[in-house]
Amino acid sequence: MSTLQRIIEVIGRLIVLPLLILLIILVLPLHSYSLTEESGEALFEMNCSGCHVNGGNIIRRSKTLRIKDLKRNELDNPAAIARVARDGVGIMSGYEEVLGKGGDELVANWIWEQAQKAWIQG
Ligand code: HEC
């Protein structure tokens with residue numbers, strides 16, 4: 001390798017590294033924002049959608065995640081939904097462990113958002 005090539009390589013590294021760091025710093029806040037919503041949805045798909053397809057309830061038809069049922073059962077807020085996600089309710093067991101730290105709130109916020117949109121995507 002010639003000296004010139006080596007110099008170009010060193011300069012290249014010197015420029016690329018700070019640029020990468022800058023990019024990460026700039027992109028990270030945006031990313032973590034969209035991540036909250038995405039991970040709420042992902043948690044739901046992984047742990048809840050088996051029984052609550054499209055916000056319904058394949059076992060107890062009167063206990064869906066739709067606004068009408070949530071209101072009647074006094075679960076019409078993210079905190080109450082998060083509690084159910086964590087501790088369970090009636091014959092539904094809690095999912096505290098699989099949801100992980102803060103996962104109860106992420107999934108509850110997402111559910112509450114969907115309920116307000118009548119579970120119509122978009
Ligand atoms: C194995 C099936 C199953 C899974 C998986 C499941 N649920 Fe449920 N869920 C139920 C059943 C059954 C009920 C009704 C329980 C009862 O009242 O006896 C229920 C009720 C609820 C309710 C109360 C709804 C209402 O209108 O009263 C909420 C909120 C809820 N589930 C959230 C979740 C969340 C969040 C997850 C995922 C972390 C989840 N569920 C996963 C079966 C399930």
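At what angle do helix 3 and helix 5 pack, and how far apart are their axes? Before I answer, please keep in mind that what we have in front of us is a predicted model.

To begin with the general point, a pair of packed helices is described by two quantities, the angle between the axes and the distance separating those axes. In this model, helix 3 and helix 5 pack at an angle of about 125 degrees, and their axes are 8 Å apart. Because angles under 35 degrees count as roughly parallel, those over 145 as roughly antiparallel, those from 65 to 115 as roughly perpendicular, and the rest as oblique, helix 3 is oblique to helix 5. The crossing in which helix 3 passes helix 5 is right-handed. If you would like to find the contact in the structure, look on helix 3 for Pro 78, Ile 81, Ala 82, Ala 85 and Arg 86, and on helix 5 for residues including Asp 104, Val 107, Ile 111 and Trp 112. Sorted by character, the residues of this contact of helix 3 with helix 5 comprise 8 nonpolar, 1 polar and 3 charged.

Let me turn now to the ligand, where these two helices appear again. There are 26 residues around the ligand, and the ones that come nearest are Cys 48, Cys 51, Asn 73, Gly 90 and Met 92. Two or more residues of this shell come from each of helix 2, which spans 67-72, helix 3, which spans 78-87, and helix 5. Which of the elements gives the most to the shell? That is helix 3, with 3 residues. As for the character of the shell around the ligand, 16 of its residues are nonpolar, 7 are polar and 3 are charged.

Finally, I would like to follow the chain past helix 5, which covers 103-116, into the segment after it, where we find Ala 118 and also Trp 119. Ala 118 has a phi near 55 degrees, which is a positive value in a residue other than glycine, and Trp 119, likewise not glycine, has a positive phi near 60 degrees. Are these residues exposed or buried? Ala 118 counts as exposed because it has 10 C-beta neighbours inside 10 Å, whereas Trp 119 has 18 other C-beta atoms within 10 Å and is therefore partly exposed. One last detail concerns Ala 118 and Asn 54, which are 64 residues apart along the chain, while their C-alpha atoms are separated by 9.4 Å.

Terms used: Residues numbered from 1 in each chain as written. Predicted model: local features only at pLDDT ≥ 70, side-chain atom pairs only at ≥ 80, totals over all residues. Helix = DSSP H or I, 4+ residues; strand = E, 2+ residues; numbered from the N terminus. Buried ≥ 20, exposed ≤ 12 C-beta atoms within 10 Å, placed from the backbone. Near = placed C-beta within 6 Å. Nonpolar A, V, L, I, M, F, W, Y, C, P; charged D, E, K, R; others polar. Axes fitted to C-alpha atoms, helices over the stretch in contact; angles between N-to-C directions. Left-handed = near helix turned anticlockwise from the far one by under 90°. Contact = placed C-beta atoms within 7 Å.
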